[in-house]
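Me: I have a model open and would like to talk through it before I read anything into it. Could we start with how helix packing is described, and then move on to the rest?

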Number of protein chains: 2
Amino acid sequence: MKENAKISNAVIKRLPRYRRYLRELQKKGVDKISSNEFSSLIGYTASQIRQDLKNFGGFGQQGYGYNVNGLYTEISAILGLDKEYKMIVIGAGNLGQAIANYTYYYKAGFVVSGIFEINPRLIGMRINDIQVFDYENLVDFVELNNIDIGIICTTKDNAQEVADRLSFAGVKGIWNFAPVDLEVPSHIALENVHISDSLHSLAYHINKSQHAKEEQENK
Amino acid sequence: MKENAKISNAVIKRLPRYRRYLRELQKKGVDKISSNEFSSLIGYTASQIRQDLKNFGGFGQQGYGYNVNGLYTEISAILGLDKEYKMIVIGAGNLGQAIANYTYYYKAGFVVSGIFEINPRLIGMRINDIQVFDYENLVDFVELNNIDIGIICTTKDNAQEVADRLSFAGVKGIWNFAPVDLEVPSHIALENVHISDSLHSLAYHINKSQHAKEEQENK
């Protein structure tokens, strides 16, 4: 893992996407791919790809291309996807249930061990075999079960309090879906999925596209 | 809208976040904020903030700061959030239901008019007053109701076909939650929420943090 320290955040951000495309290539039985072929597929320039993947040395070979399986395995390992993560979801509303289900069905290596909720009507329910527990018992549960990741699916007003409690309980990472930026101690990894920011960007691009189209038509 | 053409994509990406923080300031009754104060809040440097917000001229004033209400209104308008958008969700699974609910409850200006599904057991259901329709009727529905945005919550294997049909039907934008990159005509705006990419980044940062912590302890 030592060489990872040198890999920039921008490259790390692109790794899941590289991995996703490599997985598709694997499924199609493709053994090797040149940076040019990869470029037309993934939409980065060939030189960007060569630059990015240089970090993982040895898989690109002049006139041969990248070894798809080797690169997939290497990137998976760099991302830590060769390990298993124990997760809990906080908030058993629609989003919490959706994320719990999504991870339950689709994400090998990421195991949801429980959902935590303050609403007494939901506590005790099971959602696809995952039990809904009382939020009051969160800290004990995290400690007893060595939970790695807390997934925050609460309202934005409760999210920071939940993040504080998860940090205190000792999770290693927080995956935040609440539309707010959280403060967590520096040793805890934090990843935000700001769904509404994405919707607002979409609104901007729709207006820009419409505007460009109208200009075109008025010419 | 003419000046928008000059605003870079990177700035656009940051606008929803600026807007979110300005909204919080409004709620707290804050009228004005300096770039330095804003910097410590939002986490961008003061010079980055000045650079970004220069695009929206006139709201920053030397020795006074930004007018919170004015800037909020301006950014909202630039993003197109002073308009209403009609949306449909494709896929009535957990994620589709979660997104429909989320938008239904929280997003003024974004109206979900229907959910489309191929599973006959779900067609005809209502999810919070939003009806689940047969996917076969999607094109007619989009045309008749002037739908602006299609939200793809299907599996990745069906997502491209859905995107093609939405494009044909005449939506202006696609909000894609399927873990795949879609191809759409250039006049259609596309925004992806790649949830699993975000989870994989989190896994990377957890391992990096753990690694750094162990190194620290071994010193």
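Reply: Gladly; a helix axis here is a line fitted to C-alpha atoms over the stretch in contact, and the angle between two axes runs from 0 to 180 degrees between N-to-C directions. Please keep in mind that this is a predicted model.

Me: OK, so at what angle do α6 and α7 of chain A pack, and how far apart are their axes?
Reply: Helix α6 of chain A, residues 138–145, packs against helix α7 of chain A, residues 156–169, at an angle of about 35°, and their axes are 9 Å apart. The crossing in which α6(A) passes α7(A) is right-handed.

Me: Which residues make that contact?
Reply: From α6(A) they are A:Leu138, A:Val139, A:Val142 and A:Glu143, while α7(A) supplies A:Arg165, A:Phe168 and A:Ala169. Sorted by class, the contact of these two helices has 5 nonpolar and 2 charged residues, with no polar ones.

Me: Switching to the two chains, how many residues are in contact?
Reply: In chain A 48 residues are in contact with 48 residues of chain B. On the chain A side, the elements giving two or more residues are α1, α4, α5, β9, β10 and α8.

Me: Which of them gives the most?
Reply: That is α8(A), with 18 residues on the side of chain A that touches chain B. By class, this side of chain A has 22 nonpolar, 16 polar and 10 charged residues.

Me: And what rotation superposes chain A on chain B?
Reply: A rotation of 180° with 0.0 Å of shift along its axis does so, at an RMSD of 0.0 Å, and that is the relation of a two-fold axis. Within chain A, the C-alpha nearest the axis belongs to A:Ala98, at 3.1 Å from it. Since 100% of the interface residues of chain A are also interface residues in chain B, the copies meet through the same surface.

Me: Where are the domains in chain A?
Reply: The domain assignment gives domain 1 as 2–79 and domain 2 as 85–194, and the C-alpha centres of these two domains of chain A lie 32 Å apart.

Me: Last topic, then: what confidence values come with all this?
Reply: Chain A has a mean pLDDT of 87, with 87% of its residues reaching 70 or more. Over residues 1–5 of chain A, however, the pLDDT is below 50, and beyond near neighbours in sequence this stretch has 3 contacts in the model. Where pLDDT is low, the predicted coordinates should not be read in detail. For the complex, the predictor gives an ipTM of 0.83 and a pTM of 0.80.

Methods: Residues numbered from 1 in each chain as written. Chains lettered and ligands numbered in written order. Predicted model: local features only at pLDDT ≥ 70, side-chain atom pairs only at ≥ 80, totals over all residues. Contact = placed C-beta atoms within 7 Å. Helix = DSSP H or I, 4+ residues; strand = E, 2+ residues; numbered from the N terminus. Nonpolar A, V, L, I, M, F, W, Y, C, P; charged D, E, K, R; others polar. pLDDT = per-residue confidence, 0-100. Domains from an automatic or database assignment. Left-handed = near helix turned anticlockwise from the far one by under 90°. Least-squares fit on C-alpha atoms with pLDDT ≥ 70 in both.
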